Amino acid sequence: MSSMHLALFSSILGTSYAGWRHPETLATSDYDWKWHKELAQRAEQAKFDLIFIADKLMIEDTLENTFNSNTTSRVTGWPDAITLMSSLAAVTEKIGVAGTFSSTFLQPYVVARMLATLDNLSGGRVGWNIVTSSNDREAQNFDSKATLLHHDKRYEKAGEFIEAIKALWDTWEDDAILIDKAAGSFADKSKIHYANFEGEFFNIKGPLNVPRPVQGHPVTIQAGGSGNFVNLAARTADAVFTTERSSLEAGKEYYAQFKSKVISNGRHPDELKILQGLTPIIGRTEKEAKEKFETLLELQTPQMTFSHLSSTMNYDWSQHDLDDLVPNILDQIERRERFTPMIQHAVDEKLTLRQFARWFTSSGLKLVGTPSYVADHMAKVYKEKVADGFIIGAAYSPGGAYDIFDSLVPELQARGVFRTEYDGTTLRDHFGLKRPANAAHKVLT
Ligand SMILES: Cc1cc2nc3c(=O)[nH]c(=O)nc-3n(C[C@H](O)[C@H](O)[C@H](O)COP(=O)(O)O)c2cc1C
């Protein structure tokens with residue numbers, strides 16, 4: 001059976017802005033290991049493909065040029081991705097673990113090494129989500145006087161970052177380790193190579209100091225929305241994390257165009273899985289689900305939305321009054337493909353900032369209903385080729401996550417669109433992806 005792919009968006013305090021204030025959400029720290037472990041193990045019992053860990057290398061402080069709104073109104077901070085991935089891998093057996101890594105700020109050798117180590121230790125269950133980052137303040141945590149590289153350059157750098165890391169993983173051939181005690185030969189020196197990678201941003205000699213990962217290359221995921229993102233992902237990604245389109249028809253068109261780009265890069269369309277972000281609100285009855293949704297909206301404040309949007313748009317929304325109409329700021333920001341639909345909607349509908357914040361939050365929590373209603377929608381998206389799967393967040397936690405595992409997943413399984421058992425043991429197995437051949441012969445010295 002072909003199965004849709006499901007990733008759990010890792011959070012123990014809920015992924016919606018106001019989720020942490022929901023009466024049922026845990027009043028605990030984002031670092032409460034007991035709950036990370038519990039949700040990961042429950043996701044594995046539900047046969048999820050992977051746990052997905054978002055990350056940013058900053059505390060968001062673009063709104064009003066301070067982190068006050070962020071620290072007051074939202075869950076502040078990000079657990080370090082590789083540390084959380086490693087901890088979760090140690091208490092699970094089959095589910096994949098993927099974390100977010102910025103190609104703009106991190107060094108390929110270090111990232112290649114961390115991921116290769118964990119892929120080897122976990123038996124091939126690692127994925128990495130490459131982001132190019134979008135905020136000057138993040139840049140200043142690496143050089144306090146810096147601003148972000150231009151968008152085009154960030155993507156050129158990302159392409160090189162991925163190429164360099166894959167080259168480092170290939171510096172060891174799969175059978176390089178011999179452990180021949182009699183001959184006194186630990187590894188075959190003819191099967192470990194220098195990378196001698198040369199580029200515009202990175203020059204790396206290699207070899208890596210870790211053997212080739214179990215999966216050859218850990219699963220390459222990318223998140224974004226721009227044309228640059230689509231071009232890079234179509235060439236290099238195994239899976240992408242995208243936001244929902246404005247309609248099912250628009251989603252189908254996006255999916256078809258993305259897959260045709262994959263084909264024009266000489267790849268099979270199934271070699272790239274398109275995953276859509278989704279935060280369903282599930283109730284035993286439609287009425288109960290709607291009440292949960294209303295509770296979340298009541299707990300929501302405009303500061304939550306604008307502290308997030310200011311950071312992700314690299315634009316300080318505090319320069320406008322909450323009761324002003326949303327201005328068209330599109331010519332003042334980058335990443336217009338991502339933000340045009342939402343700004344255009346606000347301008348066309350003459351929304352104030354306050355109304356825009358409420359609309360934006362509700363549009364991210366559209367799927368509200370019984371498990372059967374939510375499963376019907378997901379099955380349709382999957383069958384009609386709008387997405388190959390979903391990255392699911394629980395709006396509040398752990399109740400929202402238990403609804404997903406215990407009520408939604410059985411409905412998907414009953415519809416024959418989601419696996420009831422794992423077919424293999426690696427993340428590549430779950431995604432139905434081949435193990436890449438080693439390209440080391442191309443970089444021999
Ligand atoms: C669905 C989705 C998830 C994202 N997750 C993250 C993340 O965890 N960390 C981060 O720094 N950026 C994240 N981003 C932002 C982008 O990945 C990043 O800024 C990007 O590479 C620029 O994307 P663009 O192609 O939309 O311009 C995410 C973007 C999308 C669309």
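**Close-up views of a predicted model**

**View A. Helices H13 and H14 cross in this predicted model.** The axes of helix H13 (residues 371-383) and helix H14 (residues 399-414) come within 9 Å and cross at roughly 50 degrees. H13 is therefore oblique to H14, since angles of 65 to 115 degrees would be needed for roughly perpendicular and angles under 35 degrees for roughly parallel. The crossing of the two helices, H13 and H14, is right-handed.

**View B. The ligand has 18 residues around it.** Asp55, Thr132, His151, Tyr155 and Ser226 come nearest to the ligand. By class, six residues of the shell are nonpolar, eight are polar and four are charged.

**View C. Polar atoms of Asp55, His151 and Ala223 approach the ligand.** A backbone N or O atom of Asp55 is 2.7 Å from a ligand nitrogen. His151 places a polar side-chain atom 2.6 Å from a ligand oxygen. For Ala223, a polar backbone atom lies 2.7 Å from an oxygen atom of the ligand. The ligand taken alone exposes 620 Å², and the protein buries 93% of that.

**View D. Two peptide bonds before proline are cis.** Most peptide bonds are trans. The bond from Gly206 to Pro207 is cis, with omega near -5 degrees, and Pro207 sits in the loop between strands S8 (203-204) and S9 (219-223). The bond from Ser397 to Pro398 is also cis, with omega near 10 degrees. Pro398 belongs to the loop between strand S14 (389-392) and H14.

**View E. Ile179 has a positive phi.** Most residues other than glycine have a negative phi. The phi of Ile179 is about 45 degrees, although this residue is not a glycine. Ile179 is part of strand S5 (residues 177-180).

Terms used
Residues are numbered from 1 along each chain as its sequence is written. This is a predicted model: local features need pLDDT of at least 70, side-chain atom pairs count only at pLDDT 80 or more; totals for chains, interfaces and linings use all residues. Side-chain values use heavy atoms; hydrogens and water are left out. A residue is near a molecule or strand if one of its heavy atoms lies within 4 Å of it. A polar contact is a pair of N or O atoms within 3.5 Å; within protein, one must be able to donate a hydrogen and the other to accept it, and residues adjacent in sequence count only if both atoms are side-chain atoms. Accessible areas come from the Shrake-Rupley method with a 1.4 Å probe; for residues, only the protein chains shown count as cover. Ala, Val, Leu, Ile, Met, Phe, Trp, Tyr, Cys and Pro count as nonpolar, Asp, Glu, Lys and Arg as charged, and the others, Gly among them, as polar. Axes are lines fitted to C-alpha atoms, for helices over the stretch in contact, and angles run from 0 to 180 degrees between N-to-C directions. Helices (H or I, at least four residues) and strands (E, at least two) are DSSP runs, numbered from the N terminus. Angles under 35 degrees count as roughly parallel, over 145 as roughly antiparallel, 65 to 115 as roughly perpendicular and the rest as oblique. A crossing is left-handed if the near helix is turned anticlockwise from the far one by less than a right angle, and right-handed if clockwise.
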